[in-house]
Amino acid sequence: MTKKPLRGRKRVSVFLARTPPARDMLSNRALSNAPSRAAPSNAKSSENVAACAMQRGPLTRRQHLLARNRSENERASRLLSLSDDVLGHVCSFLDGRDLARLETVCTHFKHRSWVAVNEASLPEQSAKRKLDAITLGEMPPGFRKMKYTRKLSVVEQRGIPLTHENVTTSMWVRVKKDVESVKKMCRGEGDAQDYAVGWEQGMDDTVGKPFPVGVVSKAYRQSPVVGLSVPNGLVAIAGGRYPTYGWYYPLEALEHV
């Protein structure tokens with residue numbers, strides 16, 4: 001009995017013999033689907049350097065309008081005829097809000113030019129010098145990320161006393177640093193004192209520190225009493241599903257941050 005040859009194996013062997021290896025196919029870019037190797041993003045090329053030095057000119061319609069208004073202000077201004085040293089002395093006489101307005105009305109006080117330079121503006125430099133000469137103390141969490149002009153305007157409000165008109169919920173206030181006077185105000189000691197809110201042992205840690213206002217109430221008092229949200233407070237100053245705990249203080253014992 002004779003065995004018949006397997007024709008299928010023969011054809012498969014012939015096909016495998018004629019097929020090039022896989023590495024030869026991958027070497028051909030036309031047959032390979034592998035992505036092409038790109039240069040690393042952090043590589044310093046001439047195109048990246050040119051993009052970094054790109055001018056920051058106006059792009060949108062609003063930016064063109066603001067740029068045109070700033071150009072008109074610059075042409076009508078006599079301050080720009082002075083040197084930067086003299087302009088720095090002029091900025092030293094302005095408060096935080098006025099310094100912030102300068103950046104919005106004049107391109108020179110904002111960027112020095114339309115070219116992107118890593119140098120702070122004149123209002124920012126002046127505000128930083130003023131803040132360095134002030135003892136800030138402990139400040140609210142978002143104070144560190146503010147611009148120097150904004151920081152200066154916040155600190156300059158310390159000279160304005162708190163009243164029932166300018167104190168609102170969610171704003172940050174500071175307990176005054178004089179411990180003895182704050183205790184007397186909370187205990188209601190003295191002839192001119194109002195209804196006492198009390199003084200507890202845990203309230204000593206809040207002296208001189210800023211806290212957010214949780215509630216403002218005038219119950220049983222002529223002047224408002226302010227409930228501050230303190231992490232280790234034991235008094236529920238605001239109700240609800242998740243009550244807020246803290247301490248109550250008379251308005252006279254608080255000041256701006």
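Here is a short colleague's note on the predicted model above, point by point.

1. **Ground rules.** This is a predicted model, in which local features need pLDDT of at least 70 and side-chain atom pairs count only at pLDDT 80 or more, while totals for chains, interfaces and linings use all residues. Residues are numbered from 1 along each chain as its sequence is written, and side-chain values use heavy atoms, with hydrogens and water left out.

2. **Overall picture.** The protein chain holds 10 helices and six strands. Helices (H or I, at least four residues) and strands (E, at least two) are DSSP runs, numbered from the N terminus. Of its 257 residues, 26% count as buried. Buried means under 20% relative accessible area, exposed means over 50%, and partly exposed lies in between (1.4 Å probe, protein chains only). The chain exposes about 18600 Å², with carbon and sulfur atoms supplying 54% of that area; accessible areas come from the Shrake-Rupley method with a 1.4 Å probe, and for residues only the protein chains shown count as cover. Among contacts (heavy atoms within 4.5 Å) between residues at least 6 apart in sequence, 56% join residues at least 24 apart.

3. **The largest nonpolar core.** A nonpolar core is a set of buried Ala, Val, Leu, Ile, Met, Phe, Trp, Tyr and Cys residues joined through side-chain atoms within 4.5 Å. The largest one has 21 residues, and V173, V175, W199, V226, L228, Y249 and L254 touch the most other members. Two or more residues each come from β1, α10 (179–187), β2 (210–217), β3 (225–229) and β5 (244–250). Helix α10 gives the most, with three residues. For a closer look, try V226: leaving aside neighbours within four places in sequence, its contacts are V167, V213, V215, W247, Y248, Y249, L251 and L254. In soluble globular proteins, nonpolar side chains tend to be buried together.

4. **A second core, and helix α9.** A separate core of 15 residues includes L87, L122, F143 and V154. V154 is also one of the buried residues of α9, alongside T149, K151, L152, S153 and V155. That makes six of the eight residues of this helix buried, so α9 is mostly covered. Those buried residues pack against α6 (96–105) and α8 (122–132).

5. **Salt bridges.** Counting a side-chain nitrogen of Lys or Arg within 4 Å of a carboxyl oxygen of Asp or Glu, there are three salt bridges. D98 pairs with R101, with the closest N and O atoms 2.6 Å apart; both lie in helix α6, three residues apart, about one turn of the helix. K128 and D132 meet at 3.4 Å, N to O, and they are four residues apart in helix α8, again about one helical turn. An α-helix has 3.6 residues a turn, so residues three or four places apart point the same way. D132 is exposed at 57% relative accessible area, whereas K128 is partly exposed at 35%.

6. **The bridge between distant parts.** K147 forms a salt bridge with E103, the closest N and O atoms being 2.7 Å apart. This pair links distant parts of the chain, with K147 in the loop between α8 and α9 and E103 in helix α6, 44 residues apart. E103 is buried, at 6% relative accessible area, while K147 is partly exposed, at 38%.

7. **The loop between α9 and β1.** Two residues here deserve a look. P161 sits in the loop between α9 (148–155) and β1 (172–175) and is exposed at 59%. Its C-alpha is 6.5 Å from that of E255, although the two are 94 residues apart in sequence. Not counting residues up to four places away, P161 touches N166 and H256. S170 lies in the same loop, between α9 and β1, and has a positive phi of about 75 degrees although it is not a glycine. Most residues other than glycine have a negative phi. S170 counts as exposed, at 60% relative accessibility.

8. **Cysteines.** How many disulfides are there? With a disulfide taken as a pair of cysteine sulfur atoms within 2.5 Å, the count is zero. C91 is buried at 1% relative accessible area, and C186 is buried at 0%.
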